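Here's a quick tour of one fold, written for someone who'd rather look at the strands and helices than read a table. Have a look at the chain first.

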Amino acid sequence: MSADNKQLARRWFEEVWNQRRPESIPKMMAADSVSHGLAASGAAVRSPEAFLAFHQAFMDAFPDLKVHIEDLIAEDDKVVTRWRLTGTLKGTGLGVAPTNRTMDVTGISIVRVHNGQFVEGWNNFDALGMHQQLGTLAELAGST
């Protein structure tokens, strides 16, 4: 089971993020899935449809976004992925003006898999470092 779950996680980052294939989201994510740590409001992202909006915002903001898998560890029904995210802020998907500056940040995602799909996920990444690198901290501070 762990090997299959690791393969699902690897496919997720490659297909959904690196190949920009949003049609893969509902194939790999259960209809009643819950993703924690993604929404700026702190609210959970519930369902593939809600995740699709999050995904589209990042794709709009970073047309050259790339996820680099650093580590992939699985045990029982969970997979932990330590990743590095690179990209250039060229769009407004994050709600800030494009700066054409690049980011290189790290994060960790933990997912729970059931019947070959993600049912729950926990995400943590260096959002402060991202905004520092992109030069968007002042704009964010002004919107609060």
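What follows goes through the sheet, the helices on it and the cavity, bearing in mind that this is a predicted model.

## The sheet

Let's start with the strands. There are six of them in an open sheet, ordered β2-β1-β6-β5-β4-β3, and the pairing is mixed. At the edges sit β2 (45-46) and β3, each of which pairs on one side only.

At the β2 edge, β1 and β2 run antiparallel and are joined by two bridges. One partnership to look for here is V34 with R46 in β2.

## The β3-β4-β5 stretch

Over at the other edge, strand β3 (residues 66-75) runs antiparallel to strand β4 (residues 78-88), with nine bridges between them. I73 has V80 in β4 as its bridge partner. The hairpin of β3 and β4 has two residues between the strands, and D76 takes a positive phi there, near 55°.

On to the next neighbour: β4 also pairs with strand β5 (residues 102-114), again in the antiparallel sense, over 11 bridges. If you want a landmark, V79 stands opposite V111 in β5.

## Helices on the sheet

Now for what packs on those strands. α3 sits on the sheet and touches β1, β2 and β4, its direction making about 60° with that of β1. Helix α4 (residues 127-134) packs on the sheet too, touching β5 and β6, and its direction makes about 150° with that of β5.

α3 has a helix partner as well: α1 packs with α3 at an angle of about 60°, the two axes being 11 Å apart. Angles of 65 to 115 degrees would count as roughly perpendicular and those under 35 as roughly parallel, so this pair is oblique. W12, V16 and W17 of α1 make the contact with F51, F54, H55, F58 and M59 of α3. By class, that contact has seven nonpolar residues, one polar and no charged.

## The cavity

How many cavities of 30 Å³ or more are there? The count comes to one, and the volume of the largest cavity is about 360 Å³. Its lining takes in 24 residues, with F13, W17, L38, S109 and N123 lying nearest the centre. W17 is thus a name you've met already, as part of the α1 contact with α3.

Two or more lining residues come from each of α1 (2-18), β1 (29-36), α3 (48-61), β4, β5 and β6 (117-125). β6 gives the largest share, six residues. Sorted by class, the lining has 17 nonpolar, six polar and one charged residues.

Key. Residues are numbered from 1 along each chain as its sequence is written. This is a predicted model: local features need pLDDT of at least 70, side-chain atom pairs count only at pLDDT 80 or more; totals for chains, interfaces and linings use all residues. Side-chain values use heavy atoms; hydrogens and water are left out. Two strands pair if DSSP finds at least two bridges between them. Helices (H or I, at least four residues) and strands (E, at least two) are DSSP runs, numbered from the N terminus. On a 1 Å grid over the protein atoms alone, a cavity is a set of points where a 1.4 Å probe fits but cannot get out, and a pocket is an open set with protein on both sides within 12 Å along at least five of seven lines; lining residues have an atom within 4 Å of a point. Grid points are joined across faces, edges and corners, and a volume is the space filled by probe spheres set on the points. Ala, Val, Leu, Ile, Met, Phe, Trp, Tyr, Cys and Pro count as nonpolar, Asp, Glu, Lys and Arg as charged, and the others, Gly among them, as polar. Axes are lines fitted to C-alpha atoms, for helices over the stretch in contact, and angles run from 0 to 180 degrees between N-to-C directions. Angles under 35 degrees count as roughly parallel, over 145 as roughly antiparallel, 65 to 115 as roughly perpendicular and the rest as oblique. Contact means heavy atoms within 4.5 Å.
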